[in-house]
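Reader: Before I rely on terms such as buried, paired or core, I would like to see how each one is justified. Could you take me through them?

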Amino acid sequence: MAAEAALFDIIFSTRSMRRLKTDPVSDDIIYQILDAGIRAPSGGNTQHWRFLVVKDAEVKRKVQEIYQKGWEQARTIYDGRPGPSHMEEGKFRKLLDAASYLADNLAEVPVLIFACLKERPMPPGEAGAQLAAKLARLSGSSIYPAVQNMLLACRALGLGATLTTVCSLHEEELRPVLNLPDNISTYALLPVGYPMGKFGPVRRMAVEEITCVDQWETPLKRPA
Ligand SMILES: Cc1cc2nc3c(=O)[nH]c(=O)nc-3n(C[C@H](O)[C@H](O)[C@H](O)COP(=O)(O)O)c2cc1C
């Protein structure tokens with residue numbers, strides 16, 4: 001029962017932590033986080049995930065330049081538009097400020113973990129091409145469970161992290177910086193460090209607002 005309570009406590013307080021201290025994070029701890037990541041499921045148990053841990057100051061500086069470019073582009077989606085209806089506007093602006101802070105300070109974060117996938121071989125010919133096109137939409141499903149495991153592991157170890165993706169908008173620029181082979185694609189970048197702030201509760205829309213039963217439009221009722 002204690003383990004169950006602890007797991008739920010971790011899940012309910014694993015939120016994006018973008019303001020991180022520069023204090024180093026030990027290799028042992030990074031290994032532990034990766035080891036938790038690879039306990040996740042992957043399609044056909046292929047385990048095509050690959051991870052790249054970046055600690056070198058010069059590599060981080062180059063990654064930050066690419067991240068900032070991606071973030072500036074992503075920001076144009078939000079600028080001049082109201083935030084999501086379920087969020088107070090002030091809180092949403094704070095989220096954007098925190099995201100900008102991360103973009104401006106990424107190179108100071110002690111460890112950056114890239115979560116990648118290795119290309120999956122497909123059957124030859126037209127059949128293979130068609131299958132690949134259908135699977136494209138699902139490709140991230142074999143890496144994001146590992147990413148979430150790592151976020152939970154970070155939280156359990158008192159480390160802050162955030163699932164970020166804007167760097168992958170410019171993957172062609174990342175390739176030479178990270179020496180990425182052509183058959184490896186990046187799916188997420190997790191900046192990891194000890195948080196400046198405190199972990200707090202994760203706020204979300206209620207389950208009954210977003211869940212139907214048996215048929216669309218038949219809402220789930222919250223148990224009494
Ligand atoms: C697919 C995906 C991409 C994301 N990309 C970024 C990103 O590039 N930069 C960033 O600061 N946060 C990014 N986030 C974090 C979200 O902004 C965050 O999960 C959301 O605002 C909820 O925040 P909370 O977990 O702190 O409640 C991303 C999250 C997801 C799931």
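**How the terms are earned**

Author: Of the 224 residues in the chain, buried residues make up 23%, where buried means that 20 or more other C-beta atoms lie within 10 Å of the residue's own, exposed means 12 or fewer, and partly exposed lies in between, with C-beta atoms placed from the backbone. This is a predicted model, in which local features need pLDDT of at least 70 and side-chain atom pairs count only at pLDDT 80 or more, while totals for chains, interfaces and linings use all residues. Residues are numbered from 1 along each chain as its sequence is written.

Reader: What makes the radius of gyration of the chain agree with that of a compact globule?

Author: The radius is taken over C-alpha atoms, and the globule rule is 2.2 Å times the number of residues to the power 0.38. For 224 residues this gives a value near 17 Å, and the chain has 19 Å, which therefore counts as agreement. Along its principal axes the C-alpha trace spans about 55 × 50 × 45 Å.

Reader: How many helices and strands does the chain have?

Author: The secondary structure comes to 8 helices and 6 strands, where helices (H or I, at least four residues) and strands (E, at least two) are DSSP runs numbered from the N terminus.

Reader: How do you know which strands pair in the open sheet?

Author: Two strands pair if DSSP finds at least two bridges between them. Strand β1 (residues 49–54) is joined to β2 by 6 bridges and the two run antiparallel, while β2 and β4 (residues 184–193) pair over 8 bridges, also in the antiparallel sense. The open sheet of 4 strands has the order β1-β2-β4-β3, and β1 and β3 (160–161) are called edge strands because each pairs on one side only. Within the sheet, Ala 115 of β2 stands opposite Phe 51 and opposite Ala 188 in β4, and Arg 50 stands opposite Cys 116 in β2.

Reader: Why is strand β2 described as largely enclosed?

Author: Strand β2 (residues 111–118) has 7 of its 8 residues buried, so the rest of the structure largely encloses it.

Reader: Which residues touch the most other members of the largest nonpolar core?

Author: A nonpolar core is a set of buried Ala, Val, Leu, Ile, Met, Phe, Trp, Tyr and Cys residues joined through C-beta atoms within 7 Å. The largest such set has 39 residues, of which Ala 115, Met 150 and Leu 190 touch the most other members. The largest share of this core, 7 residues, comes from β2. Met 150 touches Ile 33, Ala 36, Gly 37, Ile 113 and Leu 190, not counting residues up to four places away in sequence, contact meaning that C-beta atoms placed from the backbone lie within 7 Å.

Reader: Why does Val 202 count as exposed?

Author: Val 202 has 11 C-beta neighbours inside 10 Å, and therefore counts as exposed. Val 202 lies in the loop between β4 and α8 (207–210), and is 187 residues from Arg 15 in sequence but 5.8 Å from Arg 15 in space, C-alpha to C-alpha.

Reader: What surrounds the ligand?

Author: The residues around the ligand include Arg 15, Arg 18, Leu 95, Thr 164 and Val 202, a residue being near a molecule if its C-beta atom, placed from the backbone, lies within 6 Å of it. The shell divides into 6 nonpolar, 4 polar and 2 charged residues, where Ala, Val, Leu, Ile, Met, Phe, Trp, Tyr, Cys and Pro count as nonpolar, Asp, Glu, Lys and Arg as charged, and the others, Gly among them, as polar.

Notes
Contact = placed C-beta atoms within 7 Å.
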